[in-house]
Amino acid sequence: MSRSPSFSLKPDQPISQIDPQSLSKWVVAFCTIRFDLEQGQLIEDCFPPGSLTQEEELEIAFSSFPDSVSQHHNRSTIHDCVFFFRFRSPKRSDCGNQLSPKPVHNNSDSNSISRYLYGFVFNRQRHDERLKRGGEQKSVVILSHSPYSGVFKPLLQIMGPLYFDIGNKALEHIATYVSMWPSPVPGNLMELPIGNATLKVNLPPPHSLASEGGISLEESTSSMAPFLPNNQSIPQGLFHDADIFGIYRGLLLQLWLLWELLLIGEPILIIAPTPPQCCEAVAALVSLIAPLLCSVDFRPYFTIHDPDFAPLNSLQEGQVFPPMVLGVTNLFFLKSLRNIPHIVSVGSPSLNSSRLSLAPRASTGRMSARPEGIGIRNLSLKKLSPSNLLNAVKLRREGPLCLMTEHKEAIWSTYNATTKPDTSILNRLIDAGMSPRVEESMSVVNNEILRRHFLELTTNFLAPFGPYYRATTPSEGSSPFVDPPPLPPFNSDEFLGSLSARGPGKFLAKRMRYNWLDLYRRFLKGQNFKPWFQRRRAVAEQEQQRLWRQARMKTDILQFISEMSELEIVDSFNAIERYLLAEMQSGKANADHAAVCLKLKGDLEAVFNVLPKDMQQSLLLNPQREALLQGSHDRTNITDCPLVQVAIISSTSPR
């Protein structure tokens, strides 16, 4: 497989032009890994050098190869595949190469200081009978702290073949281009030049990404209210590019069950024949709960070499399995992780399994000339046919260990879903038949239908929490110079009682069974609720501060104080001074910093000028206040001074 003809390298650029800090905003490292028959997986090259610890290199090496060389390809052929994995890593500094001590592992702590690394893999298996053991394997890996699959998968399609054409210099060439990319802006469309090509990718929104201390400006202004986007190409969560329909087409009726399981943070084992299929299944499942922040630990491709495998394997009968979604290909996990309550088997070991049609065909065996709807009737008839009912009973009796002899698409779970499959959505899905070109285009349409539905489903499910993170603005006639009121306190029992009284709303009422309140109860106790709710509250508080700050900018201060008593005017003076000093100390964190400082200083002077002379003289006894009013000190010097706590002064002097 050669690199894409649309891609060509520009003239060589000196490696000295690579800015490590710019590169680290996108990528931690590029690696090439060889499978050695005697020594196992070996990292041949890593760029930038020294950017990974020995523990990370070992983890990456073991996770960058399929469990076994694929047997579904002819000898003397080349087979390429792309997949990705995720593992715990020590927290790094912003420069990317410095490491802090490794934190203690704790599956249940959603606020753990540990971070994750994503490894995006281009794996090549070359079958050649002339070689020892009949073939060889190599992988090219991009390591990043960001789950930007829409960026790194296309980049691998360029970088992987390029490496097999020109060798290790491919890493330096790609690193040069990436270091010149603009900084990633979550939620925005990015145009990223690479050679003579340009990657155009919509990055996932800020609210779907793990928070690393504080709320970004982009997140505070991003749409997280219960409204659906008009533009379907804009991601509302992680892995917007995942092929939901393609990987789950044999389990479409179970998508609502899977949505609930991830929503409430249940542990799930997803098993597939190949790494690309299992990581696609995990990514597609995570994408179903957008716009909810996914705080469940998900591993798109999990192996027995992962350090987290040992504690999971040591769980005894009856011990609770931690909330995780594990994508695996090794059937050994069916025995070693026997405590996991939900097991999903997807994909097909055959090369063209994704092209198989679900809809029944004519007796002649020909394909329909036009795409057909899959339809709930077809799915239900297949599900309720005598042979399928017998197979379902057999699968339930045998359990997931039946996969040891034959791979089948199935789900083993004792969970009773509250949400009913939406028949109107299933009837809109299109079965494209056997044509790969038509299949791909129809899969895009089907994915949009499914993603839109589950986005609407999740948004409506989260809507009852809206009042608890709704920002307020100053009411007409009230002072914008007082602290905003706190957000309403949240109590889970009161919330459930109130929700039970008013009901789930029309959208959910049509799609959920009588026990819908139990789903909310489980959600409140699950892994996803607390991190998401705390994050939403923090965003709402920041948004409220922004709205009140904006109101202070629009206030006509002279009109505002015209009806006030002297005591109220002094109170307003103190409040304006406090906000001015806070704004000056915050630096240039806001784009309108200078304008806000100028407005508040003008307001401070205006209020000062209407006060009696004796009060003015009393206020000027403080040197910092005098500097603020007269502008005699440089702003930098003023902000270096400690904040002065101004007492409220009561005066009975005549006006």
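Which residue follows α7 with a positive phi? Before selecting it, note that this is a predicted model, in which local features need pLDDT of at least 70 and side-chain atom pairs count only at pLDDT 80 or more, while totals for chains, interfaces and linings use all residues. Residues are numbered from 1 along each chain as its sequence is written, and side-chain values use heavy atoms, with hydrogens and water left out.

**The whole chain**

Start with the full protein chain, which holds 24 helices and 14 strands; these are DSSP runs numbered from the N terminus, helices being H or I over at least four residues and strands E over at least two. Of its 655 residues, 50% count as buried, where buried means under 20% relative accessible area, exposed over 50% and partly exposed in between, with a 1.4 Å probe and protein chains only.

**Helix α7 and the residue after it**

Select residues 255-263, helix α7, where 9 of the 9 residues are buried, so that the helix is largely enclosed by the rest of the structure. The buried residues include W256, W259 and E260. The residue to pick out after α7 is G265, whose positive phi lies near 80 degrees.

**Helices α3 and α4**

Move back to residues 149-166 (α3) and 169-179 (α4), whose axes come within 8 Å and cross at roughly 145 degrees; axes are lines fitted to C-alpha atoms, for helices over the stretch in contact, and angles run from 0 to 180 degrees between N-to-C directions. Show the side chains of L155, M159, L162, Y163 and I166 in α3, which meet K169, A170, L171, H173, I174 and V178 in α4, a contact being heavy atoms within 4.5 Å. By class, the residues of this contact divide into 9 nonpolar, 1 polar and 1 charged, with Ala, Val, Leu, Ile, Met, Phe, Trp, Tyr, Cys and Pro taken as nonpolar, Asp, Glu, Lys and Arg as charged, and the others, Gly among them, as polar.

**The β6-β7 hairpin**

Next select residues 189-194, strand β6, which is joined to β7 by 6 bridges in an antiparallel arrangement; two strands pair if DSSP finds at least two bridges between them. The two strands form a hairpin with 2 residues between them, and G195 in the turn has a positive phi of about 65 degrees. Across the pair, L192 stands opposite L199 in β7. Strand β7 (residues 197-202) has a covered face made of A197, L199 and V201, whereas T198, K200 and N202 form its uncovered face. In a regular strand the side chains alternate between the two faces of the sheet.

**The five-stranded sheet**

Now display the open sheet of 5 strands, ordered β9-β10-β8-β11-β13 with mixed pairing. At its edges stand β9 (297-299) and β13 (410-412), each with a single partner strand, so one side of each is left without a neighbour in the sheet. Within the sheet, β8 (residues 268-271) and β10 (residues 324-328) pair in the parallel sense over 4 bridges, and L269 stands opposite L326 in β10. Add residues 275-288 to the view, since helix α8 lies across β8, β9 and β10 and runs at about 155 degrees to β10.

**Helices α18 and α21**

Finish with residues 529-554 (α18) and 593-610 (α21), whose axes come within 9 Å and cross at roughly 55 degrees. The contact is made by R549, R552 and M553 of α18 and H593, A595, V596, K599 and D603 of α21, and by class it has 3 nonpolar, 1 polar and 4 charged residues.
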